[in-house]
Every structure is written in C-alpha cells, then in structure tokens.
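Here are some friendly notes to read with the model open beside you. Take the points in order, and find each residue as you go.

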Amino acid sequence: MEGYEYILDKYREDILSICGVISWNRHIVSLVRKAIDRRNDMIEHYVNKLILNNLPSGKKIILFGCGLDCSWIDVILRTIGVEIVAYVDNSAKQFNNNIVYNLDEIRKEENEVFIIATRNYQDDIAKQLDDSGYKRNIDYIKFSDIFW
C-alpha cells in the first residue's frame, strides 16, 4: 500500500492533468478500501488525503441536503476536524439535533462553502444554488466530486 501511495504522490499532477480528478479519487478510494480490508490503521490517513486535498482550504462547511448521505459525510468531516457551521435542506427541519435552514434563511460568509451532501438530488441542489447566484467550485462543491 505504501508503494502504491508513493507512486500516486509522485505522479499526482500527471494523473490529475491526464486522467482528471475522478480517476485520482478512484485511486485514493482504492487505498481506503485496501486499508479497510486489512484493518489497517492508515484508514484515517487515506480518508484525510482524499477529502482534505479536495476541499477548499481554510473554508468552513455548510452541508446542503440532510439525508442518509449527509449523516456519514457529517461524521467523516467532523472526525477529520472539518468545521461544519450549518445545515441546509429544502424540507428537513432538524438534523442530528441541529437546526436545518432553508437556503433563503442562510447567509453564506466569504470563508464558507456549501457541500452538496446527497447523491440523489445533487443536480437539483446545484441548479438551485446556481439560480441563487452561487458559483460551482467557488461557493459550492458536490461531495460526489470529492468522493463518489
């Protein structure tokens, strides 16, 4: 595993420029799976590498879409120390004992970014954010661009 990680790190820029971020993420997911299969203590390291390398640095997170996907995304992000400042959903009122806001009720600060935390409605939410004047990869990202 360490050898594979070394090759990935050495050729990261080439992999990203030739194959794209989705291919890069698949390689990292492969490392995560191998670590899980071997009950390796490197799981957290690889998850950190996968997620933190793809999150905008220094940003606080607003999770949009409070369903099952959001539950495990919330746990993963909190486990690796990412600050989640708010939850937004079009129908939920509460999520894990946190207040859930409607998009119209939230004021995103400059140092915050939305993460669309659902697979099922991510395109609808992206359109909603676009229509509200937010820019993809600046004001919001799809979690599927990072992980799935």
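**Notes on the fold, its sheet and its charged pairs**

1. Let us start at one small spot: Phe95 has Asn98 of β4 as its bridge partner. Please keep in mind that what you see is a predicted model. The two strands here, β3 and β4, run antiparallel and are joined by two bridges. Between them, the hairpin has two residues, and Asn96 takes a positive phi near 50° there.

2. Now step back to the whole chain. How many helices and strands does the secondary structure come to? The count is seven helices and six strands. Along the sequence, the pattern reads α-α-α-α-β-α-β-β-β-β-α-β-α, so you can tick off each element as you trace the chain from its start.3. How are the six strands arranged? They form an open sheet with mixed pairing, in the order β3-β4-β2-β1-β5-β6. At the edges sit β3 (94-95) and β6 (140-142), each of which pairs on one side only. A general reminder may help here: strands of a sheet pair through backbone hydrogen bonds, either parallel or antiparallel.

4. Next, look at the strands in the middle of that order. β1 and β2 are paired in the parallel sense, with four bridges, and Leu63 stands opposite Tyr87 of β2. On to the next pair: strand β2 (residues 84-88) is also joined to strand β4 (residues 98-101), in the parallel sense over two bridges. In that pairing, Val88 stands opposite Tyr101 in β4. Is β2 mostly covered or mostly open? The strand is mostly covered, with four of its five residues buried.

5. Just before β2 there is a residue worth finding. Val82 lies in the loop between α5 (68-79) and β2. Its relative accessibility is 11%, which means that Val82 counts as buried, as the cut-off for buried is under 20%. The C-alpha atoms of Val82 and Lys60 are separated by 7.3 Å, although these residues are 22 apart along the chain.

6. At the other end of the sheet, strand β5 (residues 112-116) pairs with β6 in the parallel sense, over three bridges. You can locate this pairing from Ile115, whose bridge partner in β6 is Ile141. Helix α6 (residues 122-131) packs on the sheet and touches β1 (60-64), β5 and β6. The direction of α6 makes about 165° with that of β6.

7. Now for the charged side chains. In general, side chains of opposite charge can pair when their charged atoms come close. This structure holds five salt bridges. One of them joins Lys108 and Asp139, with the closest N and O atoms 3.4 Å apart. Which parts of the chain does this pair link? Lys108 is in the loop between β4 and β5, while Asp139 is in the loop between α6 and β6, and the two are 31 residues apart. Both Lys108 and Asp139 are buried.

8. Compare that with a pair inside one helix. Asp131 and Lys127 both lie in α6, four residues apart, or about one turn of the helix. Their salt bridge has its closest N and O atoms 2.9 Å apart. Is Asp131 buried or exposed? With a relative accessibility of 58%, Asp131 counts as exposed, because the cut-off for exposed is over 50%.

9. A further salt bridge joins the side chains of Arg12 and Glu13, at 3.5 Å from N to O. Glu13 has a relative accessible area of 54% and is therefore exposed.

10. Have a look at the surface as well. Tyr6, Ile7 and Tyr11 make a nonpolar surface patch of about 300 Å². Ile7 belongs to helix α1 (residues 2-10). At 41% relative accessibility, Ile7 counts as partly exposed.

11. Finally, some totals for the chain. Of its 148 residues, 44% count as buried. The chain exposes about 8,600 Å², and carbon and sulfur atoms supply 47% of that area. Among contacts between residues at least 6 apart in sequence, 59% join residues at least 24 apart.

Methods. Residues are numbered from 1 along each chain as its sequence is written. This is a predicted model: local features need pLDDT of at least 70, side-chain atom pairs count only at pLDDT 80 or more; totals for chains, interfaces and linings use all residues. Side-chain values use heavy atoms; hydrogens and water are left out. Patches are made of residues with over 30% relative accessible area and no salt bridge: like charges are joined within 9 Å, nonpolar side chains (Val, Leu, Ile, Met, Phe, Trp, Tyr) within 5 Å. Accessible areas come from the Shrake-Rupley method with a 1.4 Å probe; for residues, only the protein chains shown count as cover. A salt bridge is a side-chain nitrogen of Lys or Arg within 4 Å of a carboxyl oxygen of Asp or Glu. Buried means under 20% relative accessible area, exposed over 50%, partly exposed in between (1.4 Å probe, protein chains only). Two strands pair if DSSP finds at least two bridges between them. Contact means heavy atoms within 4.5 Å. Axes are lines fitted to C-alpha atoms, for helices over the stretch in contact, and angles run from 0 to 180 degrees between N-to-C directions.
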